[in-house]
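Student: I have not worked with this structure before. Please take me through the terms used for it and the reasons behind them.

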Amino acid sequence: MKNQRQFVGLLGENLAIQFLKNEFDLLHQHYATHWGELDVVARKGDTIGFVEVKTRVGDSKEKPYEAIDYYKRRSLHRAIKNYLSTHSYKEYKYSLDVISIF
């Protein structure tokens, strides 16, 4: 059984996917690596988008994107390098984006 935090996170990711699938081809959701998880991997043209989804509920003072600190960015970059080296997207451009849901 998922706790409330996991439920809110999953709800946010599902909302983000609904938003993204109008413009992007979704490749993976919850792609797990040794360095962490990539929430969403999507492709549009010659660009692979790695999307981190952050969701907050209530009167939190912190904006969702503010949770992406140096250590989180470092683990995301490592996970992205791993993804690119194990898939055939080496010649593609890539971006790291954050979707904040409040």
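**Reasons behind the labels**

Tutor: Asp25 is partly exposed, with a relative accessible area of 42%. Keep in mind that the model is a predicted one.

Student: Why is Asp25 called partly exposed?

Tutor: Buried means under 20% and exposed means over 50%, with partly exposed in between. Asp25 has 42%, so Asp25 counts as partly exposed.

Student: What makes Asp25 and Arg43 a salt bridge?

Tutor: The rule asks for a side-chain nitrogen of Lys or Arg within 4 Å of a carboxyl oxygen of Asp or Glu. The closest N and O atoms of Arg43 and Asp25 are 3.5 Å apart, so the pair meets the rule. Arg43 lies in strand 2 and Asp25 in strand 1, so this salt bridge ties together parts that are 18 residues apart in sequence. Arg43 is partly exposed, at 24% relative accessibility. The count of salt bridges by this rule comes to 6.

Student: How do you know that strand 1 and strand 2 pair?

Tutor: Pairing requires at least two bridges between the strands. Strand 1 and strand 2 have 7 bridges, so they count as paired, and the sense is antiparallel. His28 stands opposite Val41 in strand 2. The two strands form a hairpin, with 2 residues between them.

Student: What is notable about phi of His30?

Tutor: Phi of His30 is near 60 degrees, a positive value in a residue other than glycine. His30 is found in strand 1. With a relative accessible area of 33%, His30 is partly exposed.

Student: Which residues does Trp35 touch?

Tutor: Leaving out residues up to four places away in sequence, Trp35 touches Ser75, Arg78, Ala79 and Asn82. Trp35 is found in the loop between strand 1 and strand 2. Its relative accessible area is 37%, which makes Trp35 partly exposed. From Trp35 to Arg74 the C-alpha distance is 9.0 Å, although the two are 39 residues apart in sequence.

Student: Why is Lys54 called buried?

Tutor: The relative accessible area of Lys54 is 18%, and buried means under 20%, so Lys54 falls in the buried class. Lys54 lies in strand 3. Not counting residues up to four places away in sequence, Lys54 touches Pro64, Ala67, Ile68, Lys72, Ile99, Ser100 and Ile101.

Student: What links Glu52, Lys54 and Lys72?

Tutor: A network of salt bridges links Glu52, Lys54 and Lys72. The side chains of Lys54 and Glu52 meet at 3.5 Å, N to O. For Glu52 and Lys72 the N to O distance is 3.6 Å. That second pair links distant parts of the chain, with Glu52 in strand 3 and Lys72 in helix 2, 20 residues apart. Glu52 is buried, with a relative accessible area of 3%, whereas Lys72 is partly exposed at 24%.

Student: Why is Lys61 called exposed?

Tutor: Exposed means over 50%, and Lys61 has 82% relative accessibility, so the label follows. Lys61 lies in the loop between strand 3 and helix 2. Lys61 and Val41 are 20 residues apart along the chain, and their C-alpha atoms are separated by 29 Å.

Student: How do you know that the span of helix 1 agrees with the expected value?

Tutor: Helix 1 has 17 residues, which should span 24 Å at 1.5 Å a residue; the end C-alpha atoms are 24 Å apart, so the two values agree. Helix 2 also has 17 residues and reaches 25 Å, close to the expected 24 Å.

Student: Which residues of the helices are buried, and what do they pack against?

Tutor: In helix 1 the buried residues are Val8, Gly12, Glu13, Ala16, Ile17 and Leu20. They pack against strand 1, strand 2, strand 3 and strand 4. In helix 2, Ser75, Leu76, Ala79, Ile80, Tyr83 and Leu84 are buried. Their cover includes strand 1, strand 2, strand 3 and strand 4. An α-helix has 3.6 residues a turn, so residues three or four places apart point the same way.

Student: What makes Leu11 eligible for a nonpolar patch?

Tutor: Patch residues need over 30% relative accessible area, and Leu11 has 45%, so Leu11 passes that cut-off. Leu11 lies in helix 1. The patch is formed by Phe7, Leu11 and Leu15, with about 310 Å² of accessible area together.

Definitions and conventions:
Residues are numbered from 1 along each chain as its sequence is written. This is a predicted model: local features need pLDDT of at least 70, side-chain atom pairs count only at pLDDT 80 or more; totals for chains, interfaces and linings use all residues. Side-chain values use heavy atoms; hydrogens and water are left out. Helices (H or I, at least four residues) and strands (E, at least two) are DSSP runs, numbered from the N terminus. The expected span of a helix is 1.5 Å times one less than its number of residues. Buried means under 20% relative accessible area, exposed over 50%, partly exposed in between (1.4 Å probe, protein chains only). Contact means heavy atoms within 4.5 Å. Patches are made of residues with over 30% relative accessible area and no salt bridge: like charges are joined within 9 Å, nonpolar side chains (Val, Leu, Ile, Met, Phe, Trp, Tyr) within 5 Å. Accessible areas come from the Shrake-Rupley method with a 1.4 Å probe; for residues, only the protein chains shown count as cover.
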